[in-house]
Structure formats: structure tokens, C-alpha cells
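This report is a guided reading of one structure for someone meeting it for the first time. It takes up aromatic rings, then charged side chains, and ends with a single residue.

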Amino acid sequence: MRAEIIAIGDELSTGQRLDTNSQWLAERLTELGVDVMFHTTVGDELDSNVAVFRAAIDRADVVVSTGGLGPTADDLTREAIAVATGVELVQDEASLAHIRSLFARRGYGSMTERNVVQAQFPSGSRPVANPHGTAPGIDMTIPRECCQPCRLFALPGVPAEMFAMWRETVAPALLAAQTTRRVTLHRRIKCFGAGESKLEAMLPDMIRRGRRSTQRLSTGEPRVGITVSDTTITLRITASGPDEAACRKLIAPTESQIRELLGVLVFGEEEDELQHAVVRLLNERHETVAVAECATDGLVDHWLADADADSSTLLGGVVLHEAESLAALLGITDVDPASPAAAEAMARVIRERTGADYGLAVAALPKDVRYSSDREIAGSLQMALATSENVRVKGIPLSGHPAVVRTRAAKQALNMLRLALLNHATIER
């Protein structure tokens with residue numbers, strides 16, 4: 001089954017509020033084995049709502065909307081569904097009695113006549129009970145000439161009400177409608193150290209869109225998707241089957257192949273970030289780190305502190321900005337803060353002063369670039385990693401908008417430490 005989610009409200013279409021309902025519903029539908037193909041957001045205007053519902057009914061087997069079921073003049077969902085399906089609105093007396101009793105039970109006073117509209121439903125639809133609010137939902141099966149009927153559910157936009165109605169009514173109804181039990185499961189593999197196109201080239205044919213449609217139908221082989229956020233790459237493996245165990249069995253060979261092909265580019269899975277991988281490795285080795293940062297403004301230290309819940313691996317850190325702070329805080333003088341020599345000295349001194357096994361340092365930005373500039377940053381940033389035996393200095397190229405360079409530089413520093421902990425001094429980029 002293919003699904004579409006419709007989020008209704010001016011506050012959503014204008015960006016004044018974030019649509020978290022659609023995200024939640026997409027996850028729940030996917031868990032039931034329903035393929036969510038469309039997300040639509042529409043404002044509080046009748047003709048636009050009618051057009052959106054008509055399009056959704058035409059192209060999706062399951063439609064779930066949230067919002068627009070209140071009593072005010074801009075709540076247009078029930079009317080839009082009626083117009084889109086060519087039926088009249090009819091009053092449901094049981095729903096009206098429930099709304100009246102809710103007003104009385106909660107001490108709202110007498111119910112206004114405007115609330116009566118909440119008991120009106122497109123002819124042929126069924127109410128969805130709302131145990132926590134005055135707005136019943138709508139459950140409607142809509143015949144289509146082209147294919148099987150479309151099942152439409154309209155739910156309130158209030159998350160607590162929508163959650164309960166989904167769990168108690170909508171999800172059981174969709175499960176009952178499935179002739180074959182089907183579950184969809186995702187597995188996310190996190191990678192760092194190569195660009196998106198290069199990493200894809202290392203996974204021959206695995207992410208090709210044609211593979212998704214042909215092999216999935218013929219062999220059940222999982223789909224693999226790729227997304228990038230601030231140079232962290234996520235490979236999402238998706239499989240469908242009769243239960244979670246079957247999905248995991250389908251996912252396992254693909255995950256193993258990805259790990260084998262990408263090697264140390266893979267640092268974790270699911271919610272992992274680089275700092276979690278680093279802290280795990282430090283804990284496994286019973287080792288510690290201290291950090292000195294200029295260009296990253298303490299971001300590496302902050303991430304490591306968040307990941308190191310029991311403070312067993314991070315022994316401390318300092319944030320530096322100019323030559324004066326290098327001298328005052330670390331005793332480093334007569335050196336350009338952006339130079340390889342500065343990075344080397346920072347890593348060595350912070351390790352010695354804290355007694356950590358590793359000293360990780362990020363030098364200052366070159367003088368000709370600043371984060372406050374609106375232009376693209378270009379240049380090289382120096383970082384260093386010190387141990388009791390040596391100090392390794394590395395220059396990384398800087399390119400991109402100032403808003404993202406700091407985050408990328410911090411990740412490069414964490415990855416430098418991660419690879420050292422894995423005994424991989426260098427990796428091709």
C-alpha cells in the first residue's frame with residue numbers, strides 16, 4: 001500500500017510551526033509496512049484543501065490527514081473531504097452527544113452552536129473516537145475506478161489526541177485491512193571520511209534506483225538510501241517482511257557487505273555521531289583525551305563531554321582565540337596561531353598538563369578568513385594529535401560557507417583521533 005500524509009493549517013504552510021505530526025505518522029505507517037510516498041502541507045483555504053484531498057485519493061491507497069477538525073471557521077477538513085468525494089455532510093447524533101457530555105464533564109459551560117459542526121461527517125464515513133478532545137476523527141473508504149478503494153483517516157492536529165486515536169483506532173484498522181502481514185524495518189549505518197559520490201562508487205550498484213524497484217519485488221533484497229549532513233553520511237537499509245525477524249535477516253547481508261566495502265569509513269549506526277564512536281574506543285582501551293581548540297570554538301570538547309556521560313575519557317579542554325590566549329593558557333609563545341607549529345604545540349602541551357593519553361588540537365583559522373564573513377571560506381586548517389611517543393600534524397582543506405565550516409572541522413578532528421585509536425594513521429579522502 002502507498003500512503004500520503006496531509007498536514008493542514010496556515011501555521012504549518014507559513015512555517016510558523018514545525019510539522020512534527022507528519023514525521024510521527026510516517027514512522028508509524030512505515031512500521032506497519034505501508035510505503036509513505038507523499039507529504040503534503042496545505043493552508044486553511046477550502047479550494048486548496050479540496051484539490052489536495054482529490055490528488056491524494058487518486059494516487060494513494062491510504063491517506064492520513066491531521067488538523068482542521070476544530071469548531072472554528074478556518075477548520076475546513078470535513079467540508080473539504082465532502083466536496084472532494086462528492087457527498088453531503090451529515091450529523092452523527094452519537095458524536096454530538098459525546099461532545100455535549102464532554103463539555104459538561106469538564107466544566108466548559110454550555111456548548112456553543114459552533115461546536116455542532118464537529119459532529120458532522122461526510123456521508124458514508126465513520127467517526128473515529130477521540131477520548132481526549134471534542135473533535136472526532138473521520139474514517140472513510142472511497143471507491144476508485146482505477147484500483148482498490150482508498151482508505152482515508154482525518155485526525156485532529158493536537159498531538160496527544162492524534163497519538164491516542166492512531167493507536168486505538170487507525171493502526172488496528174490498517175492492520176485488519178492487510179491481507180498479508182507486512183513490517184518495514186530500517187537500519188542506519190553512519191560513515192565519515194569520504195564524499196558522497198566517492199562513497200557511492202565504493203558500493204557498486206547498491207544505491208541505484210532501478211535496483212530498488214526490480215530486485216525488491218523479485219528477491220526482497222533491501223533498499224539502500226544515502227543522505228548527507230555536515231559531511232556525515234548515513235546509509236539507510238530498508239527491508240520489508242512478515243515480521244521484524246524476517247526484516248533483520250534480509251538486512252544483515254547488505255549491512256555486512258557495506259561494512260566490508262567501506263571499512264573504517266563506517267563509525268557507527270542509528271543515532272551514533274563521531275564523538276560516540278571516539279568515546280567507545282577510548283573506554284575500550286582505557287585511555288583518555290584532552291582538547292585544545294581555536295577554530296572550532298570548543299565544539300569538539302562540547303561533543304565529547306556530552307558523549308562521555310561518566311567523565312571517564314575526557315580529562316579537560318581549553319578554547320583559545322589569539323596568540324595572547326595561547327601564551328596565557330598554554331604558555332605557547334612566538335608562534336602563528338594558525339600554523340602547524342601552533343597545532344603541534346597545543347596538542348603536546350594540553351596532553352602534558354592534563355596527563356591524558358592523547359592531546360587533540362585544532363589551530364586558529366588563517367588570518368584571511370573569518371566565520372563572520374558571508375563569503376565562502378577557502379584555505380587550510382591545522383590540527384594535531386599528540387601521544388607520549390610523537391605528535392602528528394595534519395592540514396585539512398577548508399571550503400564552504402562559514403556557517404558549516406566549524407562543524408566540519410570539528411568532525412575532522414574527532415575523526416583524526418578515531419582513526420588513531422583504530423591504528424589507522426591516514427585514510428584516503
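## A cluster of rings

In this predicted model, Trp 24, Phe 163 and Trp 166 are linked by ring pairs into a cluster. The structure as a whole holds two aromatic pairs. One of them is formed by Trp 24 and Phe 163, whose ring centres lie 4.4 Å apart with an angle of 35° between the planes, an arrangement that counts as tilted. This pair links distant parts of the chain, since Trp 24 belongs to helix α2 (residues 20–31) and Phe 163 to helix α6 (residues 159–177), with the two positions 139 residues apart in the count along the chain.

Trp 24 also forms an aromatic pair with Trp 166, and here the geometry is edge-to-face, with 6.3 Å from centre to centre and 80° between the planes. Because Trp 24 lies in helix α2 and Trp 166 in helix α6, this pair ties together parts that are 142 residues apart in sequence. The members of the cluster can also be described by their accessibility: Trp 24 is buried at 14% relative accessibility, Trp 166 is buried at 3%, and Phe 163 is partly exposed, with a relative accessible area of 25%.

## Charges over rings

Which residue lies over the face of Trp 24? It is Arg 28, found at 5.0 Å from the ring centre. In another such arrangement, the charged end of Arg 59 sits over the ring of Phe 38, at 4.0 Å from the centre of that ring.

## Salt bridges around Glu 255

A search of the whole structure finds 17 salt bridges. In one of them, the side chains of Glu 255 and Arg 187 meet with an N to O distance of 3.1 Å. Since Glu 255 lies in helix α9 (residues 244–262) and Arg 187 in strand β9 (residues 183–191), the pair ties together parts that are 68 residues apart in sequence. Glu 255 is buried, with a relative accessible area of 14%, whereas Arg 187 counts as partly exposed at 24% relative accessibility.

Glu 255 forms a salt bridge with Arg 259 as well, and the closest N and O atoms of that pair are 3.1 Å apart. Here both residues lie in helix α9, four residues apart, which is about one turn of the helix. Arg 259 counts as partly exposed, at 31% relative accessibility.

## A bridge to helix α14

The side chains of Asp 297 and Arg 406 also meet in a salt bridge, with 3.8 Å from N to O. This pair links distant parts of the chain, with Asp 297 in the loop between β13 (289–293) and α11 (299–307) and Arg 406 in helix α14, 109 residues apart. Asp 297 is partly exposed, with a relative accessible area of 33%, and Arg 406 is likewise partly exposed, with a value of 32%.

Returning to the earlier salt bridges, those that share partners join Arg 187, Arg 188, Glu 255, Arg 259, Glu 269, Glu 270 and Glu 271 into one network.

## Thr 407 and its contacts

Helix α14 (residues 402–421) also contains Thr 407. Is Thr 407 buried or exposed? Its relative accessible area is 17%, and because buried means under 20%, Thr 407 counts as buried. When residues up to four places away in sequence are not counted, Thr 407 touches Asp 230, Leu 299 and Trp 303.

Conventions. Residues are numbered from 1 along each chain as its sequence is written. This is a predicted model: local features need pLDDT of at least 70, side-chain atom pairs count only at pLDDT 80 or more; totals for chains, interfaces and linings use all residues. Side-chain values use heavy atoms; hydrogens and water are left out. Buried means under 20% relative accessible area, exposed over 50%, partly exposed in between (1.4 Å probe, protein chains only). Contact means heavy atoms within 4.5 Å. Rings of Phe, Tyr and Trp (its six-membered ring) pair if their centres lie within 6.5 Å; planes under 30 degrees apart count as stacked, over 60 as edge-to-face and the rest as tilted. A charge sits over a ring if NZ of Lys or CZ of Arg is within 6 Å of the ring centre and within 35 degrees of the ring normal. A salt bridge is a side-chain nitrogen of Lys or Arg within 4 Å of a carboxyl oxygen of Asp or Glu.
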